[in-house]
Amino acid sequence: MLRESFLGRCVVAIVSMAVAGLSVFVWAQGHGGVVPRQRHRPISIEPALAENAQVRAYRPAADDPAAAAIERALAEAADFDFVEQPLSRVLEHVRTAHKITVLPDRKALEDVAINLDTPTTCKLKGVSLRSALRHVLGQLELRAVSRDGVLLVTSATVADIQLETRVYDVSELYAALRQPADDLDDLIKLLASTVQPRAWEDAGGPGSMAGLRGRLIVSTTANVHDEIARTLQGLAAAVRQQVTAKGAERYVPIRCDLSAAETAIRKKLDGKHELVFNETPLADVAKTLREKLGVEVQFDLKALEDVGVSQDTPVTFKSEGLPVRTALDHVLGPLELAWAIENELLLITSKTVADTKLVARVYPVADLLGDVSEPDYDTLIGAHTTSVSPESWSDAGGPAHVRPFAASGCLVISQMPAVHQEMETLLAMLRKSLAEQPVAVYAPRRVLRIYLLATTTAPETQPPGRPPQRVGTTGGAGQVVVVPAAAPDPQRPTAAELASLIQERIAPDSWQAYGGRGYIRDLTGALVIEHTAEVHAEIQKLLAPFGVKMEEVRQ
């Protein structure tokens with residue numbers, strides 16, 4: 001649901017985009033200022049290579065028949081129907097139905113006060129065994145991990161410290177971006193900041209990443225590996241999309257957090273259904289949604305218990321013509337509940353839990369970056385982080401992160417699902433605004449001036465036999481200014497030294513040497529400068545301590 005001040009903040013964001021070509025002004029609650037624009041690699045995609053770019057993963061024991069059997073079983077459809085059954089019955093069902101070895105880590109289970117007699121209730125079907133186990137065991141804070149040819153059921157605490165090393169081949173992705181694959185630093189920094197940031201060594205976690213000849217070597221837990229794989233696949237999909245799709249379809253966000261099955265659920269939530277509930281228990285609301293949408297609906301029982309809600313809590317609501325997602329917001333909101341799509345099902349949980357679930361998405365934004373040879377990611381990022389949930393971003397102390405993958409024309413954003421929805425709304429408004437009315441850009445008038453560091457006194461007192469020196473003529477809007485100086489002095493800076501000083505101290509980004517339009521050239525005893533009157537005024541102030549005085553020559 002959009003925050004009350006969201007539309008107002010979007011107006012500020014759109015205005016900031018209009019001046020993106022001049023300078024980057026980033027405002028945040030509590031402080032403001034001018035932030036130097038960071039230089040990024042130009043956007044460069046090779047269509048012939050991008051069309052089929054893939055990221056491939058290599059994992060230990062990939063050729064082990066037992067490990068391969070477990071991976072196949074985890075992809076099979078599950079059918080769970082347990083009501084207050086001991087955990088041992090669930091594990092036995094998995095063993096017999098999917099023909100794999102399942103073992104409990106008894107010591108780890110004891111440490112979290114779980115045993116094989118712990119009652120388990122779950123009724124679901126139509127999802128993969130992997131997703132079913134994640135949901136059922138997750139309610140008990142347990143995990144199932146494939147190790148040494150068996151499916152081991154252990155505690156989340158133990159699973160989160162057991163690392164696995166995998167290799168990801170990203171050479172095709174880098175080739176499609178016309179980038180050398182021997183330097184993966186940008187990709188490593190991107191993943192470390194957007195995929196479970198606390199899981200990596202630099203943040204005190206156990207995980208690590210390194211690059212070697214187009215291969216990304218990652219050591220982390222199985223769950224984090226899943227997110228890494230989805231994000232890398234999302235980047236490859238975004239690159240492919242930009243060369244295979246047409247029009248606005250090129251810039252549809254890539255949802256790294258959703259599988260194909262979960263994407264189908266999202267589409268069903270966009271549909272409109274008549275929903276009528278009159279003191280209806282929450283469990284029956286879930287049943288109605290299952291029947292109308294044809295999707296699996298489950299409860300996060302622990303989260304509901306934490307906010308004092310049960311499946312028997314009555315709900316009264318009537319909707320006509322509303323998208324189901326909007327109707328659900330109205331049904332669940334008053335109970336401090338929320339919905340999420342995960343593990344191939346629609347999960348009803350608490351707002352508190354939903355707001356801690358960060359998911360990564362890849363946003364193709366090349367059309368909003370201006371000059372692709374020098375893409376301005378910083379203004380676009382600033383427009384989002386100051387307009388959409390400002391308190392949630394890492395710069396403001398929140399958990400969310402945004403980082404560009406420069407050469408691809410994409411942003412990777414790790415955020416809460418509800419905030420992602422706001423992000424997509426802002427991007428849609430920006431694109432609509434730019435399509436309907438091109439950006440009007442103010443181009444300040446530039447003035448040509450010649451600063452002469454004279455080696456003699458004024459021209460009319462030249463020594464006999466030496467012709468007067470011509471320093472230039474006016475042309476169009478240009479002006480010629482002669483700045484006489486005293487006789488040569490070895491202590492005075494040269495024209496070349498002054499040129500360097502001017503570019504370093506006065507509007508550095510505005511000079512051609514740094515990608516701007518300002519022109520400066522040092523000649524023998526002179527500086528030729530074309531820039532705005534405001535910059536010329538700053539130059540005169542800078543040169544004043546060196547005894548340079550300006551005198552305008554009128555033609």
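Start by selecting Pro 364 and Cys 410: Cys 410, in E20, is the bridge partner of Pro 364. Keep in mind that this is a predicted model.

**Stop 1: the strands around that pair**

Widen the selection to strand E18, residues 359-364, and strand E20, residues 410-415. The two run antiparallel. They are joined by 6 bridges.

Now colour Cys 410 by accessibility. Its relative accessible area is 0%, so Cys 410 is buried.

**Stop 2: the antiparallel sheet**

Add strands E12 and E19. Together, 4 strands form an open sheet, and its order is E12-E18-E20-E19. The pairing is antiparallel.

Which strands stand at the edges? They are strand E12 (254-255) and strand E19 (401-405). Each has a single partner strand, so one side of each has no neighbour in the sheet.

**Stop 3: helices on this sheet**

Select residues 222-244. This is helix H10, which packs on the sheet. H10 touches E12, E18, E19 and E20. Its direction makes about 15° with that of E18.

Next, select residues 377-385 for helix H16. H16 lies across E19 and E20. Against E19 it runs at about 160°.

**Stop 4: the mixed sheet**

Move to another sheet. This one is open and has 3 strands, ordered E14-E17-E16. Its pairing is mixed. At the edges are strand E14 (297-299) and strand E16 (337-342), each pairing on one side only. From one strand to the next, the twist averages 30°.

Zoom in on E14 and strand E17, residues 345-350. They pair in the parallel sense, over 3 bridges. To see one residue pair, pick Gln 298 and Leu 347: Leu 347, in E17, is the bridge partner of Gln 298.

**Stop 5: helices on the mixed sheet**

Show helix H12, residues 282-293. H12 packs on the sheet and touches E14, E16 and E17. Its direction makes about 155° with that of E14.

Then show helix H14, residues 324-332. H14 also packs on the sheet, touching E16 and E17. The angle between its direction and that of E16 is about 140°.

**Stop 6: cysteines**

Finish with a cysteine selection. Pick Cys 122 and colour by accessibility again. Is Cys 122 buried or exposed? At 4% relative accessibility, Cys 122 counts as buried, because the cut-off for buried is under 20%.

How many disulfides does a search of the whole structure find? The search finds 0. A disulfide would be a covalent bond between the sulfur atoms of two cysteines.

How values were computed
Residues numbered from 1 in each chain as written. Predicted model: local features only at pLDDT ≥ 70, side-chain atom pairs only at ≥ 80, totals over all residues. Heavy atoms only, no water. Pairing = 2+ DSSP bridges. Axes fitted to C-alpha atoms, helices over the stretch in contact; angles between N-to-C directions. Contact = heavy atoms within 4.5 Å. Disulfide = S-S within 2.5 Å. Buried < 20%, exposed > 50% of the residue type's maximum accessible area, 1.4 Å probe, protein only.
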